Every structure is written in C-alpha cells, then in structure tokens.
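Please look through the structure shown here, first as a chain and then around its ligand.

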Amino acid sequence: MDLGGGLFVCGDHRDTPSIQGAMASGARTARAVLRRLRPDSATSA
Ligand SMILES: Cc1cc2nc3c(=O)[nH]c(=O)nc-3n(C[C@H](O)[C@H](O)[C@H](O)COP(=O)(O)OP(=O)(O)OC[C@H]3O[C@@H](n4cnc5c(N)ncnc54)[C@H](O)[C@@H]3O)c2cc1C
C-alpha cells in the first residue's frame with residue numbers, strides 16, 4: 001500500500017493473517033512501487 005510521501009507498507013496485517021496474505025500484500029505493494037517509479041507502465045492492481 002502506498003501511504004504517500006514515498007512510504008509503502010505491506011504485510012499480513014494488510015491482508016489475511018497467513019503467508020498467502022503476506023505474499024499477496026507484498027505483491028500489491030511491489031506493484032504500487034512500480035507505479036510510483038514508472039507511472040506510464042501498465043500494471044494492474
Ligand atoms: C506460530 C505461528 C504459526 C504460523 N503458521 C502458519 C501457517 O501454517 N501457515 C500460514 O500461512 N501462516 C502461518 N502463520 C502466519 C504467518 O507466519 C504470517 O502471516 C506471516 O509470516 C506474516 O508475514 P509478514 O511478512 O507480514 O510479517 P512477519 O513474518 O512477522 O515479518 C515482519 C518482520 O519485520 C520485522 N520487524 C518488526 N518490527 C520491525 C522494526 N521496527 N524494524 C525492523 N524490522 C522490524 C520482524 O522482526 C519480522 O522479521 C503462523 C504464525 C505463527 C506466529
């Protein structure tokens with residue numbers, strides 16, 4: 001999740017309390033970082 005001001009957060013507390021939730025949150029946050037770094041790139045949510 002993009003908190004703004006260059007801060008991003010991920011973890012199971014942002015999804016389900018499991019390894020699967022941690023990975024899903026991490027993937028979402030990675031995509032948010034890519035969108036911030038490369039706004040023109042087409043990455044889905
Ligand atoms: C006993 C137990 C059994 C589990 N069994 C399962 C299971 O069978 N299957 C399953 O899917 N899930 C299981 N889980 C849940 C799973 O472990 C977690 O959902 C997952 O590890 C969360 O990953 P995360 O990266 O969000 O957080 P974490 O794995 O908790 O990683 C957070 C990291 O941040 C570090 N950290 C914290 N504060 C700071 C700070 N201020 N500065 C720097 N670093 C910091 C911590 O040291 C830690 O390394 C289990 C959990 C427990 C406790």
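The paragraphs below go from the fold of the chain to its surface and then to the ligand.

This is a predicted model, in which local features need pLDDT of at least 70 and side-chain atom pairs count only at pLDDT 80 or more, while totals for chains, interfaces and linings use all residues. Residues are numbered from 1 along each chain as its sequence is written, and side-chain values use heavy atoms, with hydrogens and water left out.

The protein chain holds 1 helix and 2 strands, these being DSSP runs numbered from the N terminus (helices H or I, at least four residues; strands E, at least two), and along the sequence they follow the pattern β-β-α. The C-alpha atoms fill a box of roughly 30 × 20 × 10 Å along the principal axes. Of contacts (heavy atoms within 4.5 Å) between residues at least 6 apart in sequence, 18% join residues at least 24 apart.

The accessible surface of the protein chain, by the Shrake-Rupley method with a 1.4 Å probe, comes to about 3,300 Å², and 62% of it belongs to carbon and sulfur atoms.

Around the ligand, with a heavy atom within 4 Å of it, are Gly11, Asp12, Pro17, Ser18, Ile19 and Ala22. Polar backbone atoms of three of these residues face ligand oxygen atoms: that of Asp12 is 2.7 Å from one, that of Ser18 is 3.1 Å from one, and that of Ile19 is 2.8 Å from one. Taken alone, the ligand exposes 990 Å², and the protein buries 20% of that.

Methods. Polar contact = N/O pair within 3.5 Å; in protein donor to acceptor, adjacent residues only side chain to side chain.
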